[in-house]
Amino acid sequence: MSRGASTTSDRAGSDVGPIVAGTSRDRTATDGIDAPRAEAAVRELLLAVGEDPDRPGLLDTPARVARAYGELFAGLRQDPLDILSTTFDEHHDELVLVKDIAMYSTCEHHLVPFHGVAHIGYVPGVDGRVTGLSKLARLVEVYARRPQVQERMTTQIADAMDEVLKPRGVIVVIEAEHLCMASRGIRKPGARTMTSAVRGVFREDVATRAEAMSLILGR
Ligand SMILES: Nc1nc2c(ncn2[C@@H]2O[C@H](COP(=O)(O)OP(=O)(O)OP(=O)(O)O)[C@@H](O)[C@H]2O)c(=O)[nH]1
Ligand SMILES: [Zn+2]
């Protein structure tokens with residue numbers, strides 16, 4: 001199947017199971033990360049910007065940030081290809097599209113959020129097998145919960161779909177606002193970045209791609 005963009009191969013380690021936000025006594029959110037190291041780094045950062053990490057309001061901040069990072073980067077410890085392994089023999093050979101999947105990720109250049117929506121469409125392969133609809137949203141989560149660049153995330157989602165489902169075609173579109181462009185730097189809130197990755201029939205057939213894009217962008 002042809003590719004619409006260059007690929008960064010990124011097979012992560014095995015799934016460590018669900019990551020949930022926790023209290024200060026619940027370490028689940030930091031499972032798989034080096035929490036003491038993260039906490040020490042946050043304390044250093046607070047000192048570097050001229051704060052007093054020992055003032056009452058900041059005492060628990062290093063532990064909170066470690067937990068938050070454990071959650072925001074949980075996708076580094078999950079295998080995206082496992083997610084798509086639930087399939088159903090529906091003999092469906094036309095478009096399946098899940099749109100407006102809410103997405104929060106972290107810009108790897110500034111470690112601040114970028115957020116928006118992802119749309120994933122595919123035409124099942126010759127066997128007509130489809131995956132569970134929620135699995136498409138789970139796939140977005142796994143790739144979003146890593147230090148990311150929007151283009152790479154778009155490509156990774158398309159490649160995972162292509163590799164596991166072997167569909168006749170895949171289209172992935174992501175629309176996001178980058179807070180590194182909104183709250184700092186050029187300071188342009190509201191600017192939205194759109195990226196797409198197309199494979200198979202969506203790349204080869206202009207009309208098929210145009211039809212999918214009109215469904216994706218139609219509000
Ligand atoms: N292509 C791409 N660029 C991104 C993404 N997220 C952030 N960036 C950009 O990464 C670039 C980093 O540029 P640098 O010049 O190294 O860093 P900087 O001095 O902080 O840049 P400014 O944001 O322009 O202040 C910026 O232009 C960001 O807008 C992304 O997902 N894709
Ligand atoms: Zn950024």
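Two strands count as paired if DSSP finds at least two bridges between them. The legends below describe a predicted model.

**View 1. The open sheet of five strands.** The strand order is 5-2-3-6-7, and the pairing is mixed. Strand 5 (147-148) and strand 7 (193-200) form the edges, each pairing on one side only.

**View 2. Strand 2 beside strand 5.** Strand 2, residues 96-107, runs parallel to strand 5 and is joined to that strand by two bridges. Opposite Gln-148 of strand 5 stands Cys-107.

**View 3. Helix 8 on the sheet.** Helix 8 spans residues 206-217 and lies across strand 2, strand 3 (113-123), strand 6 and strand 7. Relative to strand 6, helix 8 runs at about 40°.

**View 4. Surroundings of Glu-175.** Glu-175 belongs to strand 6, which covers residues 169-178. Because 19 other C-beta atoms lie within 10 Å, Glu-175 is classed as partly exposed; the class of buried residues begins at 20. Leaving aside residues up to four places away in sequence, Glu-175 touches Gly-116, Val-117, Arg-192 and Met-194. Ala-102 is 73 residues from Glu-175 along the chain, and their C-alpha atoms are separated by 9.9 Å.

**View 5. The contact between domain 1 and domain 2.** Domain 1 comprises 28-75 and domain 2 comprises 87-217. Their centres, taken over C-alpha atoms, are 31 Å apart. Four residues from domain 1 and eight residues from domain 2 make up the contact. On the side of domain 1 that touches domain 2, three residues are nonpolar, one is polar and none is charged.

Definitions and conventions: Residues are numbered from 1 along each chain as its sequence is written. Chains are lettered from A and ligands numbered from 1 in the order in which they are written. This is a predicted model: local features need pLDDT of at least 70, side-chain atom pairs count only at pLDDT 80 or more; totals for chains, interfaces and linings use all residues. Helices (H or I, at least four residues) and strands (E, at least two) are DSSP runs, numbered from the N terminus. A residue is buried if 20 or more other C-beta atoms lie within 10 Å of its own, exposed if 12 or fewer, and partly exposed in between; C-beta atoms are placed from the backbone. Two residues are in contact if their C-beta atoms, placed from the backbone, lie within 7 Å. Domain bounds come from an automatic or database domain assignment. Ala, Val, Leu, Ile, Met, Phe, Trp, Tyr, Cys and Pro count as nonpolar, Asp, Glu, Lys and Arg as charged, and the others, Gly among them, as polar. Axes are lines fitted to C-alpha atoms, for helices over the stretch in contact, and angles run from 0 to 180 degrees between N-to-C directions.
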